[in-house]
Amino acid sequence: MLTLKIWIVQALFIFFTTESVGELLDPCGYIKPESPIVQLGSNFTAVCVLKEKCMDYFHVNANYIFWKTNHVTIPKEQYTIINKTASSVTFTDISLLNIQLTCNIRTFGQIDQNVYGIRIISGLPPEKPTNLSCIVNEGKKMMCQWDPGRETYLETNFTLKSEWATEKFADCKTKRDTPTSCTVDYSPVYFVNIEVWVEAENALGKVTSDHINFDPVDKVKPSPPHNLSVSNSEELSSILKLTWINSSIQGFIGLKYNIQYRTRDASTWSQIPPEDTASTRYSFTVQDLKPFTEYVFRIRCMKEDGKGFWSDWSEEASGITYEDRPSKAPSFWYKIEPSHTHGYRSVQLIWKTLPPFEANGKILDYEVTLTRWKSRLQNYTVNDTKWTVNITNDRYIATLTARNLVGKSNAAVLTIPAYDFQGFTRPVTDLKAFPKDNMLWVEWTAPNESVNKYILEWCVLSDKAPCIQDWQQEDGTVHRTYLRGNLAESKCYLITVTPVYADGPGSTESIKAYLKQAPPSKGPTVRTKKVGKNEAVLEWDQLPVDVQNGFIRNYTIFYRTIIGNETAVNVDSSHTEYTLSSLTSDTLYMVRMAAYTDEGGKDGPEFTFTTPKFAQGEIEAIVVPVCLAFLLTTLLGVLFCFNKRDLIKKHIWPNVPDPSKSHIAQWSPHTPPRHNFNSKDQMYSDGNFTDVSVVEIEAANDKKPFPEDLKSLDLFKKEKISTEGHSSGIGGSSCMSSSRPSISSSDENESAQNTSGTVQYSTVVHSGYRHQVPSVQVFSRSESTQPLLDSEERPEDLQLVDNIDSSVGNLPRQQYFKQNCSQHETSPDISHFERSKQVSSVNEEDFVRLKQQISDISQPYGSGQMKMFQEISVADAFGPRTEGQVERFETVGMEAAIDEGMPKSYLPQTVRRGGYMPQ
Amino acid sequence: MQAQLLWRTLPSLVLGLLFLSMPAMGSCSDKYPELLGQLQKQADFMQHTNTLLDLYIRSQGLDKNGLKEHCRERPGAFPSKDALQRLSRRVFLRTLDTTLGQVLLRLAALEQDIPKAQDLEMLSGVKLNIRGFKNNIHCMAQLLPGSSETTEPTPTSPGASPSPTPTLDTFQRRLEGCRFLHGYHRFMRSVGQVFREWGKSLSRSRRHSPHQGLLKGARRMQLSGRNKRLMPRVQLAPGSHRGAPGG
């Protein structure tokens, strides 16, 4: 009771809910048609009809309707207002397969409200199915298939219909996954024509294929014959009998057959002539087969009139024909062992196993006979395919037969010539070998004489392994064959052909060949044999035969510089060197080499070399002439100098009188020789005094110099310092050159100036010439009226100096120089000026000559010489002076020496270490 | 006697009406030799006992204890070969169609005694073959001239009644069914021979006049139809004089 109440309550709830929802979902209108399916490319019109209730409620009419397809508003041009409640929209040439169409109204001027929506499905009507065909697989039901035609984009049903003249069969509806074929439900009835067709139908139409009318038995695909068996016959080794069981269809129809067979190792089938198997049968005997050969058979069948389909092939069955005696003698040849004992030789007889098609059975053994000339026959039975026997040096005839279960083969006969047989001639000619169809063919021209057979031998040429020969025999009528061995590609084969005559073998011809060439495994290694400035001779070794992989047709040399393009040169394969020309000197070249066969090439390693800057002998060609020219020039110079030595000596190395040998040295207060310094002729008359420097200090002017003059002199002194410093290289430092003033004080100058007397004197200093220390302090006679110095007046003082000099060495001299230098720095150099002025009064001609000497000296030696001077002066003379000062001296000194504007009183002095030359 | 005549003529009328009332369905072959060959092959096939009788004997357990010896055709159940050979082609076809119709009815009755589905399926295939044979008879009748004339009486045998008397027990019913099927196979062999004679006649006609053989035969059949005699077709098929033994 309670259950009933609950049920009633639920039912009422559902009822009212449904009612209320129905009210809520009640649309404002509707679209006609409701679920349209239209043809692609056709026109379509939909009408939206508003309900009166909605129109009143929303205060709208058909004018307020607007349409949308897939949420896009359709232009109003496509609308048609049919009446107050209905509006239509028209589409032309529909191309979309699926369109969502909605009818909408705009309420209250702004609110869009969907009234109704439909989905337009587009597609195409089915095309007429074509190529309807049926097949009746034996034991199964009939299956028909067809081409459905174009895609319709709609759900299209295909129905296979069939009927007899008196009866209709049930329709065969296609399954969704196989819409183009259908298998009927009923078993086929043979010998009764049936009419079959296909109907294709979708929402846009229905179309029927052409009807086909046939007897199902003409569409039968029989089951293949089964239980195929093969049996042989001991009487006939060339036949095999096939038996089989036909399928049950043979109870209805006659059958014809295809019987195919092949040998076990063959891939292609041979077929029994169809006319021999054109009717129903259960066995067949295949003839003309090879003895002792396994054959594989298969069979299929179909309706004998050719209507219907071939069955599948039956399972394969095989059988072996019975044995027959070997059909051919084995190939037979011999080798004579290298070792040969006196009167005997070891001969190895070799033969080939017969191929199955010639053996015609299992070879049980071989029978060998040996017959020496006019002696009885010897029989041997051998199981192997070679036999070694020692025979005499006579001529032998060997025969060989192969034996199987049925019989023996014919005998192969071989003549082994006598040891001293000299008739090995008559070779084959025009021997050629070439690959073709993946076989290595050998071709030759037969000799004029009749040949029993040919023996072809071949082996692989290798640097690593010996040539192991294989061989084969050809009939005497053959002049082209292929090598029936297991040949490898990229191997060089040495092939020999030997004609065998009745009296023995002829001469052998050989040739090399490849089954298939390949690029070399390695490229040649190139190196330089000789490198020149513009050329290089390259050399390489022939590639080993193991890496050649083919006939080397040519080499290509690639060479390039680092930045240059690569240049390639082809070289014939017979060459092993090549000269690269037009190379650039002093350039790094990279060169590599490739070897090419018919199939391609392989690069060898790269080799670099550098061309030299000079060709061989080029340096010698330059250096030797230059040296010779230099030597010649030097020689000429020496000769010239030798010839002009006096003049040169005069100009460059004027004779410096040796003070030790001076007459003045002998001058003493006791015997004062009088020199006339003014007499030039006297001076020059003596060769030793040709270039004596003469300093005449004249106190011509008694006047004391004015301060202005002193100033100017001071300025000049500075220049003079530098000049002297510079010229010290030639004539010594100013310190040295002004020995006299250094000895005489400024006071003495003054006194000299004040003295009207003209006693001129000079002091020959103790240092001597060229490290020669004068033995005594000597003085030259001076006509100066100037009173003698204290030292002069006090000979002991002088003696002291002399002692110091002699005892201490250089020390007194250094002190002296030092002293002088300090004096030089401290005392005005007016005396220099004066001395210059005095010199200026000397003969003008002498001055010019001196000037010329200076010029001659300074000109060729230049700064180098000056440098030497500089070093000397800095080290010995100037000591603490700065380098800058020294340099200044160098330049200014020279200028001062040649400047005509300058006082001409300065004379260059030659100074040597440890001494100076008095002037 | 009158009732017997009625019984004899009734199937002919039915068949005639059937031929006339046959709706326009799949078209028949218009090639007489082809159709004749189909009929002959069907008859040859259907005469083999392995297509039906062996199945029935096995399914009914009649293959034991020498029961097979008792499975002999009841005389008169099916028309004898001689009787068939004496019929005109049209009547022969009509008789054949009628007899096979009765066989179908009887097979439907025998179906109830076959328990195995596999055997039932085979039986269903046999029935379909018989219907196909009847279809070819219809087509052959269409090819024969004067196919609209259906008044010729059809000889029938009382033994060819649709079902045996219901008073028989099961064994007797099975044995009766076996005898019926035995007769059926014999009948089909006879039919095949008749059709073979038709084929021989056609061959002779072709040899004489390849294009007129059929027409000539047809004209004679028309003539025989008009004369409403049973024997004239014997003249058309001389070979039938050899009189192969009937069932």
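This briefing covers the contact between chain A and chain B and two regions of strand pairing in chain A. The model is predicted. Chain B and chain A bury about 1700 Å² between them, and one salt bridge is found across their interface. Within chain A, strands 41, 42 and 45 form an open sheet, while strand 9 pairs with strand 2 and with strand 8.

**Interface of chain B and chain A**

- The contact involves 21 residues of chain B and 19 residues of chain A.
- Of the area of about 1700 Å² buried between the two chains, 57% lies on carbon and sulfur atoms.
- The salt bridge links Glu167(A) to Arg131(B), with 2.4 Å between the closest N and O atoms.
- Six residue pairs are in polar contact between chain B and chain A, counting pairs in which both residues are at pLDDT 80 or more.
- On the side of chain B that touches chain A, helix 2 (32–46) and helix 6 (117–143) of chain B each supply at least two residues.
- Helix 6 of chain B provides the largest share of that side, with nine residues.
- By residue class, the side of chain B that touches chain A comprises eight nonpolar, 10 polar and three charged residues.

**Open sheet of strands 41, 42 and 45 in chain A**

- The three strands of this chain A sheet follow the order 41-42-45, with antiparallel pairing.
- Strand 41 (526–531) and strand 45 (577–580) of chain A are the edge strands, each pairing on one side only.
- On average, neighbouring strands of this sheet are turned by 30 degrees against each other, direction ignored.
- Four bridges connect strand 42 (residues 536–540) of chain A with strand 45 of chain A in the antiparallel sense.
- Leu538(A) has Tyr578(A), in strand 45 of chain A, as its bridge partner.

**Pairing around strand 9 of chain A**

- Strands of a sheet pair through backbone hydrogen bonds, in either a parallel or an antiparallel sense.
- Strand 2 (residues 37–39) of chain A runs parallel to strand 9 (residues 111–123) of chain A, and three bridges join them.
- In this region, Val38(A) stands opposite Ser122(A) of strand 9 of chain A.
- Strand 8 (residues 98–107) of chain A pairs with strand 9 of chain A in the antiparallel sense, over 10 bridges.
- Gln113(A), in strand 9 of chain A, stands opposite Ile105(A).
- Strands 8 and 9 of chain A form a hairpin with three residues between the strands, and in this hairpin Phe108(A) takes a positive phi near 55 degrees.

Note on methods:
Residues are numbered from 1 along each chain as its sequence is written. Chains are lettered from A and ligands numbered from 1 in the order in which they are written. This is a predicted model: local features need pLDDT of at least 70, side-chain atom pairs count only at pLDDT 80 or more; totals for chains, interfaces and linings use all residues. Side-chain values use heavy atoms; hydrogens and water are left out. Two strands pair if DSSP finds at least two bridges between them. Axes are lines fitted to C-alpha atoms, for helices over the stretch in contact, and angles run from 0 to 180 degrees between N-to-C directions. Contact means heavy atoms within 4.5 Å. Buried area is the accessible area (1.4 Å probe) that two parts lose on being put together, summed over both. A salt bridge is a side-chain nitrogen of Lys or Arg within 4 Å of a carboxyl oxygen of Asp or Glu. A polar contact is a pair of N or O atoms within 3.5 Å; within protein, one must be able to donate a hydrogen and the other to accept it, and residues adjacent in sequence count only if both atoms are side-chain atoms. Ala, Val, Leu, Ile, Met, Phe, Trp, Tyr, Cys and Pro count as nonpolar, Asp, Glu, Lys and Arg as charged, and the others, Gly among them, as polar.
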